[in-house]
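Subject: Structure handover

Hello,

Here is the structure I promised to pass on. Please open it beside this email; my notes follow below.

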Amino acid sequence: MIKIKIVISLLITLTIIMGCSSKEERIVNVNNDEIPTENKNTSKLPPGLSISIGEETIRPFLIGYSWSYYDEYEDSMATIETESIPPPSLENIDKLTTVSSNSEVVLKFEKAPTDYQVIIWESESNVTGTFDELDLSQLKGKFIFRVTGHWEEGKASYFLYLNIQ
């Protein structure tokens with residue numbers, strides 16, 4: 001009986017000592033590199049995007065992404081992947097934002113991407129081109145824009161519908 005009490009006392013003491021340890025918490029990424037927890041990304045969604053066109057500020061639709069984050073509940077890295085849907089036809093869009101072709105365009109990501117790409121459609125199947133920036137100066141009419149940003153944590157695509165005059 002005394003031996004059991006000694007063993008239980010030792011276990012309790014060891015548990016208290018281990019629980020009070022000041023060891024820095026770390027996580028491990030896909031490459032098995034340790035990352036200090038203060039640098040972990042816990043956001044399950046990619047950064048938001050707003051686009052200023054002249055006086056207008058527009059929030060495009062997030063339409064697909066692949067994003068890695070640290071799941072605090074599971075104490076591990078997790079990845080979410082959603083499908084990127086094709087753009088609907090312009091005829092079915094109820095509200096197109098009308099902007100001037102000579103308006104200045106500024107993309108404002110909540111967190112700056114390492115790079116981004118813009119694809120322009122005149123209709124759902126007619127791709128006009130792929131660009132490193134959003135320039136309206138040579139465009140007139142109704143267009144669909146897809147902006148795809150890349151970050152260390154993954155990538156995300158956003159749709160924007162404009163009537164350019």
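Let me start with one strand and its two partners. Strand β9 and strand β10 (residues 127–131) pair in the antiparallel sense, over four bridges. Here helices (H or I, at least four residues) and strands (E, at least two) are DSSP runs, numbered from the N terminus. Two strands count as paired if DSSP finds at least two bridges between them. Across from Val118 stands Phe131 of β10. β9 (residues 115–121) also pairs with β11 (residues 141–151). That pairing is antiparallel too, with seven bridges. Within it, Tyr116 has Gly149 of β11 as its bridge partner.

A word on the model and the rules. This is a predicted model, in which local features need pLDDT of at least 70 and side-chain atom pairs count only at pLDDT 80 or more, while totals for chains, interfaces and linings use all residues. Residues are numbered from 1 along each chain as its sequence is written, and side-chain values use heavy atoms, with hydrogens and water left out.

The whole chain

The chain has one helix and twelve strands. Along the sequence, the pattern is α-β-β-β-β-β-β-β-β-β-β-β-β. The chain holds 165 residues, and 35% of them count as buried. Buried means under 20% relative accessible area, exposed over 50%, and partly exposed in between (1.4 Å probe, protein chains only). The accessible surface is about 11100 Å². Carbon and sulfur atoms hold 51% of that surface. Areas come from the Shrake-Rupley method with a 1.4 Å probe; for residues, only the protein chains shown count as cover. Contacts (heavy atoms within 4.5 Å) reach across the sequence. Among those with a separation of 6 or more, 58% join residues 24 or more positions apart.

The aromatic rings

How many aromatic pairs are there? The count is eight. Rings of Phe, Tyr and Trp (its six-membered ring) pair if their centres lie within 6.5 Å; planes under 30 degrees apart are stacked, over 60 edge-to-face, and the rest tilted. One pair is Trp121 with Phe159: the centres are 6.0 Å apart and the planes meet at 75 degrees, so this pair is edge-to-face. Trp121 sits in strand β9 and Phe159 in strand β12 (residues 154–164), 38 residues apart, so to speak two distant parts of the chain linked by one pair. Both Trp121 and Phe159 are buried. Phe143 and Phe145 form a tilted pair, because their centres lie 6.3 Å apart with planes at 45 degrees. Phe143 is buried at 3% relative accessibility. Phe145 is buried as well, at 0%. Ring pairs also join Trp67, Phe109, Tyr116, Trp151 and Tyr158 into a cluster.

A three-stranded sheet

Next, an open sheet. Its three strands have the order β4-β3-β8, with antiparallel pairing. β4 (56–58) and β8 (105–109) are the edge strands, each pairing on one side only. From one strand to the next, the twist averages 20 degrees. For such angles, axes are lines fitted to C-alpha atoms, for helices over the stretch in contact, and angles run from 0 to 180 degrees between N-to-C directions. Strand β3 (residues 49–53) is joined to β4 by three bridges. In this pairing, Ile51 stands opposite Ile58 of β4.

Ser52 lies in strand β3. Is Ser52 buried or exposed? Ser52 counts as buried, at 9% relative accessibility. Its side chain makes a polar contact with the side chain of Lys108, at 3.1 Å. A polar contact is a pair of N or O atoms within 3.5 Å; within protein, one must be able to donate a hydrogen and the other to accept it, and residues adjacent in sequence count only if both atoms are side-chain atoms. Beyond four places in sequence, Ser52 touches Thr57, Glu104, Val105, Val106 and Lys108.

Two more residues

Asp75 lies in the loop between β5 (61–71) and β6 (76–81). Asp75 is not a glycine, yet has a positive phi of about 55 degrees. Most residues other than glycine have a negative phi. Asp75 is partly exposed, at 49% relative accessibility.

Lys155 is in strand β12. Lys155 is partly exposed too, at 43%. Lys155 and Gly64 are 91 residues apart in sequence, but 8.6 Å apart in space, C-alpha to C-alpha. Leaving out residues up to four places away, Lys155 touches Tyr65, Ser66, Trp67, Gly149 and His150.

Best wishes
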